[in-house]
Amino acid sequence: MTSSAIPFPLPPSRPSWQHDEKVELCPLCTSKFGIFLRRHHCRLCGIIVCDNCSLRKRRLTSLGYSNLVRVCDVCYEGKDGIDAYDESASPHVDEEELHERWCTLLQFASHVGRSQLEVTAVDGVPPSLRPNVWMMVSGAQQLAKKNPGVYHSMCAMRSDRSSSSSPSPSGADTIDYDKYDENINLDISRTFPLMDKFEADSEGRRQLFRVLRSYALYNANIGYRQGMSFIVAVLLSVVDEEDAFWIFVVLMKNPNMQQMFVQDQEGSSPALAEFVSRCNTEFPKLTVHLTSQGASIEVFAHRWFSTLFAYDLPLTFVIRVWDLFFASGMSPAILYNTALYILRVSQPVLISMDLQNIIRYFNSLNRPSTPASSPATTPSSSPSSPKGKSLPSHVQPSTSGW
């Protein structure tokens, strides 16, 4: 009697887990564990791997797991072995189950912990529920309820003024209406101009203007800054106009986001400086090469963070990152890990480029065409998502999501 070909022995019970303190580096990608790169045990083999090497899940009912659980990339790729071990293993998230889980979380929102939201967001958010999920997990829903009519009053100030400068409702000395109008109109004309929703003279572009201008009036201490239009445009592709305003208000209450906009004229924000320091440690060869070519990770990272990747990456990709960002309580770790992921998979290409091609490469991440030396692009869109652009194949997110 011959046994079936299985690439590893089938354990009779759950594997023994490695001790956390004995593992300092992820064995798969060799990244160092830390505050922003957490340890995770593979539920099938028991080894400790990092966030990025344990993004995918399987249903291992034979080991006593009723829900989908994390497995390392090695165990996930060993599909035949896992399927032989557990016939219920599935590489895809059950959409009906996911929809039901989010409905339950929305129903009992006041009793749901942040960790539960994060775990569920890894599997994705159903497009039909995403507007409600973003409002709930961001805290914008509660803020809007406490401030009824505020957004409409900000919109009404659009033309009800006797001069170009008036006292600010947020406590700042004066508001320069004309300056806001000029800057916002200039920027929104360059914000996703190829999207039907934001084409010239569209209602979407008028909504974008109203939200940005209302926020500038609502918080004149920050006012309007370049880059905000891309964030609000993504919000408007998911939620309605007033909800987009309140989610943006919550976003700008985040100290890291404030620093990204307010301190950009005075120097790097602490969050950006911390990220650059981490890049110097994790990608020493890449940072040395970029410096030798007159480029800087800080320049590209500032644009990624100040627009929450909306300027540089495909919309479908950005929305998935935002699912996790909101679910985590707007943790900078989500942004850091996304940026590190881009640099990690791009390093082999960037390391041989001169300055001109480096700039062209980063500017092409959200476009159909890429530099000749980089891999071909693949579509990144789905029927249930906003119009997708494309991302070089080596920077595509895994099919199972983040």
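What covers the buried residues of α4? The legends below take up this question first, for a predicted model.

**Figure 1. Overview of the chain in the predicted model.** The chain has 402 residues, and buried residues make up 50% of them. Its secondary structure comes to 18 helices and 8 strands. Of the contacts in the chain with a separation of 6 or more, 62% are between residues 24 or more positions apart.

**Figure 2. Surroundings of the buried residues of helix α4.** Helix α4 spans residues 114-122. Its buried residues are Leu117, Thr120, Ala121 and Val122. The elements covering these residues include two strands, β3 (57-59) and β4 (68-70), and three helices, α3 (95-107), α5 (130-138) and α16 (315-327). Gly124, just after α4, takes a positive phi of about 110°.

**Figure 3. Close-up of Thr120 in helix α4.** Thr120 has a relative accessibility of 6%, and therefore counts as buried, the cut-off being under 20%. Leaving aside residues up to four places away in sequence, Thr120 touches Leu98, Arg101, Trp102 and Leu105. Helix α3 (95-107) is among the elements that cover the buried residues of α4.

**Figure 4. Packing of helix α9 against helix α11.** Helix α9 covers residues 203-218 and helix α11 covers residues 241-253. The two pack at an angle of about 40°, and their axes are 10 Å apart. The helices are therefore oblique to each other, and α9 passes α11 in a right-handed crossing. On the α9 side, the contact is made by Gln207, Arg210, Val211, Ser214, Tyr215 and Tyr218. On the α11 side, Glu241, Ala244, Phe245, Trp246, Phe248, Val249 and Met252 take part. Sorted by class, the contact of α9 with α11 has 9 nonpolar, 2 polar and 2 charged residues.

**Figure 5. Cysteines in a structure that holds 0 disulfides.** The cysteine sulfur closest to that of Cys26 belongs to Cys50. The two sulfurs are 3.7 Å apart, which is too far for a bond because a disulfide requires sulfur atoms within 2.5 Å. Cys26 is buried, with a relative accessible area of 1%. Cys279 is also buried, and its relative accessible area is 1%.

Technical notes: Residues numbered from 1 in each chain as written. Predicted model: local features only at pLDDT ≥ 70, side-chain atom pairs only at ≥ 80, totals over all residues. Heavy atoms only, no water. Helix = DSSP H or I, 4+ residues; strand = E, 2+ residues; numbered from the N terminus. Buried < 20%, exposed > 50% of the residue type's maximum accessible area, 1.4 Å probe, protein only. Contact = heavy atoms within 4.5 Å. Axes fitted to C-alpha atoms, helices over the stretch in contact; angles between N-to-C directions. Parallel < 35°, antiparallel > 145°, perpendicular 65-115°, else oblique. Left-handed = near helix turned anticlockwise from the far one by under 90°. Nonpolar A, V, L, I, M, F, W, Y, C, P; charged D, E, K, R; others polar.
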